[in-house]
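I opened my notebook to go through this one piece by piece. Here is what I looked up, in the order I looked it up.

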Amino acid sequence: MRLFPILSILLALLFAASLLVGHTTASISDSLSALMTGDGPLGTVMQDIRLPRAILAVLVGGTLGLAGAAMQGYLRNPLAEPGLIGISGAASLGAVIALQTGFAGLFWLALPMSALGMSVLAVLGILALAGRQGRSLSLILAGIAISALSGAMTSLVLNLSPNPYATAEIVFWMMGSLSDRSFDHVWIALPFCIIGGAMVLSLGPALNALSLGEDTAATMGIHLARTRLMLVIGVAAMIGATTAVAGAVGFVGLVIPHILRRWVQARPSTLMWASALGGAVMILAADLLVRLILPDRDLKLGVVMAILGAPLFLHLIYKTRADMS
Amino acid sequence: MTLLSIENLSVLRGQCPVVDRVSLSVQAGELIGLIGPNGAGKTTLMRAALGLVAHSGQSSLTQIPAAERAKQAAWIPQMREIAWGLSVRDVVGLGRSPYGPVRRDDPKTQSALDQLGLTNFADRTAIHLSGGEQARVLIARALAQDTPIIMADEPTASLDPASQLTTLQIFADLAAQGHGIIASLHDLGLAARYCHKLALLHHGRLVAFGPPASVLTPENLRDVFMIDAHFERTDQGVIFQPLNVIAPNAEKGAP
Amino acid sequence: MRPSKLIALVAALLFGAAPIYGNPQRVVSLNLCTDQLLMLLADGDQIASLSKIATDPRTSPMAQRAQGFAINSGDAEEIFMQAPDLVLAGTYTEQGTVQMMRSLGITVEIFAPEQNFDDIRQNIARMGQLLGHPQRADTMLRDFDDRLAQLTDGITQRPRAALYSANGYTTGAETMAGHILSAAGFDNIATEAGISWGGTLPLETLVMLQPDLVITGSTYPGHSRSEEILRHPALTPLKSITQTGAKWVCGTPAILDAVAELQRAHPDKGAK
């Protein structure tokens with residue numbers, strides 16, 4: 001299957017490009033040696049500014065792609081996506097509350113745990129509201145409700161902050177950005193991404209079996225309650241941690257599985273791996289675009305994602321309607 | 001040999017018994033038709049026996065752990081759900097799930113495909129096939145699960161006559177190979193023709209259980225189905241045709 | 001409107017709209033910087049009220065002293081009720097309020113924000129004129145120039161410094177902050193980056209320029225992502241101090257305190 005080698009090569013290339021693009025111009029050899037040694041100002045730039053940014057792009061994109069594929073596999077609905085159904089919004093709310101109350105400063109786990117906690121509530125809310133079948137209408141309605149509520153509460157918390165800059169930052173939380181992130185942020189997110197990712201990836205056989213419906217899967221030995229629990233916690237951990245450091249980035253979990261599905265013969269288990277790779281590729285590319293198009297302004301990742309993702313989302317809705325009628 | 005035994009199985013929805021103290025058993029080599037009007041509790045009975053619904057009473061299947069149970073009984077639900085554009089081979093291969101990671105070249109998958117006449121369809125996308133073909137794919141999936149017991153909910157629903165006959169012939173052949181099969185059916189004619197035994201459910205209670213002739217009596221037809229029918233044994237097999245709608249016997253009380 | 005208020009309003013209209021004969025006796029200030037100059041140059045009983053920011057220690061160097069005076073909220077009706085004979089405002093004071101005052105016949109003097117030391121001198125002199133205390137202004141100006149000369153004397157090296165605040169914003173040599181930096185004996189990195197007034201200095205550029213000193217302001221309470229950049233690990237190898245505060249904001253002699261404090265980090269002037 002040519003897909004994985006191609007995606008891996010793309011990932012490596014974009015990662016390298018991400019390390020070499022920035023406000024500072026330097027030759028490739030200088031940049032790479034500075035990356036290794038960390039010497040001098042170029043070394044600081046490479047190791048403390050560019051490297052964590054590139055790593056975070058991989059983490060954010062990978063988890064968004066993976067979470068999207070996993071939720072779609074579980075709900076049997078191609079419209080399921082963490083941003084769309086309000087999980088990223090809830091994670092933002094959890095992060096903002098932790099930051100503004102000072103809870104985040106108490107111990108390093110506080111920030112990602114708050115975001116994770118809110119994400120868990122959101123995922124449970126979605127599963128409860130969308131019903132057993134996870135049919136499109138109830139799913140999207142539940143997602144709209146949770147997104148709207150999270151967004152409004154986030155805005156409120158930010159407006160109540162004594163810090164005058166906080167109010168304007170609603171844009172960061174709702175659209176996402178990787179600029180000026182550091183290794184501090186990588187260490188916050190990494191453990192949750194690894195653990196959450198492992199939990200979700202282990203659900204491959206279960207998601208495959210669920211293609212035939214919950215009853216059939218159960219009679220083939222799939223433990224439905226355990227699958228749901230692993231999914232909820234795994235997705236919440238990944239989305240919570242990455243949103244806490246980079247804000248909410250939408251559409252990746254929608255676009256990537258949709259594109260890659262035909263290359264993996266629609267198998268949900270394989271699609272999860274492919275979407276993790278594809279999501280990382282997409283965010284790396286978007287983050288590069290953001291730095292190349294408007295280097296002096298912090299163009300949010302969400303803007304690029306929306307431009308790419310919104311037309312595709314509309315196409316998906318149109319197709320779903322056509323299939324239903 | 002008894003493959004499945006159900007004793008005093010009841011399922012309550014609120015205060016109302018959807019399945020009311022049903023006892024029956026399935027022997028190897030038997031194709032049992034589960035019949036009854038809409039709402040009689042056929043689907044619920046099968047799902048309870050499989051452990052998908054909470055119940056009181058006993059089902060020999062729910063007394064073993066889920067992993068083991070998956071190797072004893074396969075379930076074909078009425079909703080023919082295939083969520084994604086998987087290939088026929090992949091769908092059928094899912095039946096191997098209880099036995100570890102699914103391998104593409106698993107011989108049992110291949111044999112299930114062959115037995116259901118799907119060998120040439122193996123690489124086609126399952127959801128692009130016709131209704132009858134998809135029904136066969138899902139039966140092949142259950143067959144690939146390699147279980148003594150197969151339960152099917154309305155397997156002939158929405159199928160054309162040829163597909164209906166083919167499906168029931170496949171079940172009859174599987175029974176002849178030693179499987180025990182329960183299938184709920186609305187078509188009493190097909191049930192009478194192919195099944196060794198019929199189990200008649202009415203308001204959740206097992207009203208009759210035995211060979212078709214002993215179950216499809218005029219009294220049962222009138223009281224349970226509110227019909228009368230023409231029942232005839234010919235050298236082409238049993239012929240059963242509902243004729244008129246009639247009121248149930250006043251002595252027994254209207255439902 | 002209650003009758004008492006109505007009577008007061010009529011009285012204010014009759015008497016408040018009178019032109020100034022002699023020194024103004026009821027001065028209202030609507031702007032932080034005019035607050036400071038007012039407190040420095042006026043008699044205490046000339047001051048009717050100060051702007052509400054005057055008591056905020058984060059931005060007002062004379063916050064303590066300001067607590068002894070009445071505070072206005074900048075609302076036209078409220079100011080009017082104080083029957084001022086002079087209102088001092090800044091160029092960014094709410095235009096609607098200023099127009100309303102003028103149309104009611106109140107004298108409003110606008111003070112532009114000071115961008116350099118000459119602006120400071122002009123504003124001090126003008127304020128002294130307006131308040132009827134030109135000699136006080138002259139004394140203040142002499143002390144100012146003496147002290148400035150003292151501060152700028154004996155500087156041989158000019159280390160390179162960066163003024164860095166939330167969102168990576170830097171202020172250039174043409175701004176007041178830039179002049180403070182220069183008077184303290186530093187060269188502004190922003191000039192090397194092509195910024196003469198204000199603009200974003202990307203973190204990478206700041207690191208590559210390797211300033212001898214990075215000067216940041218104290219952060220607000222609560223959290224903001226904009227201010228996180230000030231704690232970025234990439235800044236650790238650079239020497240940073242937290243300085244900018246109330247004394248940097250307005251063009252008053254307090255600015256020289258800012259210069260003096262900054263000079264504590266200067267090799268020629270401060271401790272090593």
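**Entry 1: domains of chain C**

I began with how chain C is divided, and the assignment gives domain 1 (3-147) and domain 2 (160-263). Keep in mind as you read that this is a predicted model. I then checked the centres of the two domains of chain C, taken over C-alpha atoms, and found 30 Å between them.

How many residues of each domain take part in the contact in chain C? I found 20 residues of domain 1 of chain C in contact with 15 residues of domain 2 of chain C. On the domain 1 side of this contact, the elements that give two or more residues are α2 (32-41), α6 (117-131) and α7 (134-152) of chain C. Helix α2(C) has the largest share of that side, with 5 residues. Sorting the same side by class, I noted 10 nonpolar, 6 polar and 4 charged residues.

**Entry 2: chain C as a whole**

Next I stepped back to the full chain. I listed 13 helices and 11 strands in chain C. Its C-alpha trace spans about 70 × 40 × 30 Å along the principal axes. Of the 272 residues of chain C, 40% count as buried. I also looked at contacts in chain C between residues at least 6 apart in sequence, and 61% of them join residues at least 24 apart.

**Entry 3: a sheet in chain C**

I traced an open sheet of 4 strands in chain C, and its order is β8-β6-β10-β11 with parallel pairing. Which strands stand at the edges? They are β8 (187-188) and β11 (240-242) of chain C; each has a single partner strand, so one side of each is left without a neighbour in the sheet.

Then I zoomed in on one pairing. Strand β6 (residues 160-164) of chain C runs parallel to strand β10 (residues 213-216) of chain C, and 4 bridges join them. For a single example, I picked A161(C), whose bridge partner in β10(C) is L213(C).

**Entry 4: who touches whom**

I turned to the chains together. There are 2 pairs of chains that touch, and the most contacts are between chains A and C. Chain B and chain C have no contact joining them, and their closest C-alpha atoms lie 42 Å apart.

For the pair A and C, I counted 24 residues from chain A and 22 residues from chain C in the contact. The chain A side of it gets two or more residues from each of α3 (40-75), α4 (87-100) and α8 (183-201) of chain A. I noted α3(A) as the largest share, at 6 residues. By class, this side of chain A has 11 nonpolar, 8 polar and 5 charged residues.

For the pair A and B, 18 residues of chain A are in contact with 22 residues of chain B. Here the elements of chain A that give two or more residues are α9 (204-210) and α10 (214-219). Of these, α10(A) gives the most to the side that touches chain B, with 4 residues. I split this side of chain A into 7 nonpolar, 8 polar and 3 charged residues.

**Entry 5: domains of chain B**

I went on to chain B, which is divided into domain 1 (1-72 + 148-215) and domain 2 (82-146). The C-alpha centres of these two domains of chain B lie 23 Å apart. Their contact takes 11 residues from domain 1 of chain B and 7 residues from domain 2 of chain B. Helix α6 (residues 161-176) of chain B supplies the largest share of the domain 1 side, 3 residues. That side divides into 6 nonpolar, 3 polar and 2 charged residues.

**Entry 6: the nonpolar cores**

I saved the cores for last. Which residues touch the most other members of the largest nonpolar core? Among its 180 residues, I found A70(A), V235(A), A241(A) and A140(B) in that role. Helix α3(A) gives the most to this core, with 15 residues. The core also draws at least three residues from each of domain 1 and domain 2 of chain B.

I followed A70(A) a little further. Leaving aside neighbours within four places in sequence, A70(A) is in contact with V200(A), L203(A), L231(A), V235(A) and M272(A). My final look was at a second, separate core of 70 residues, which includes L86(C), L131(C), L181(C) and L235(C).

How values were computed: Residues numbered from 1 in each chain as written. Chains lettered and ligands numbered in written order. Predicted model: local features only at pLDDT ≥ 70, side-chain atom pairs only at ≥ 80, totals over all residues. Pairing = 2+ DSSP bridges. Nonpolar A, V, L, I, M, F, W, Y, C, P; charged D, E, K, R; others polar. Domains from an automatic or database assignment. Buried ≥ 20, exposed ≤ 12 C-beta atoms within 10 Å, placed from the backbone. Core = buried A, V, L, I, M, F, W, Y, C linked by C-beta atoms within 7 Å.
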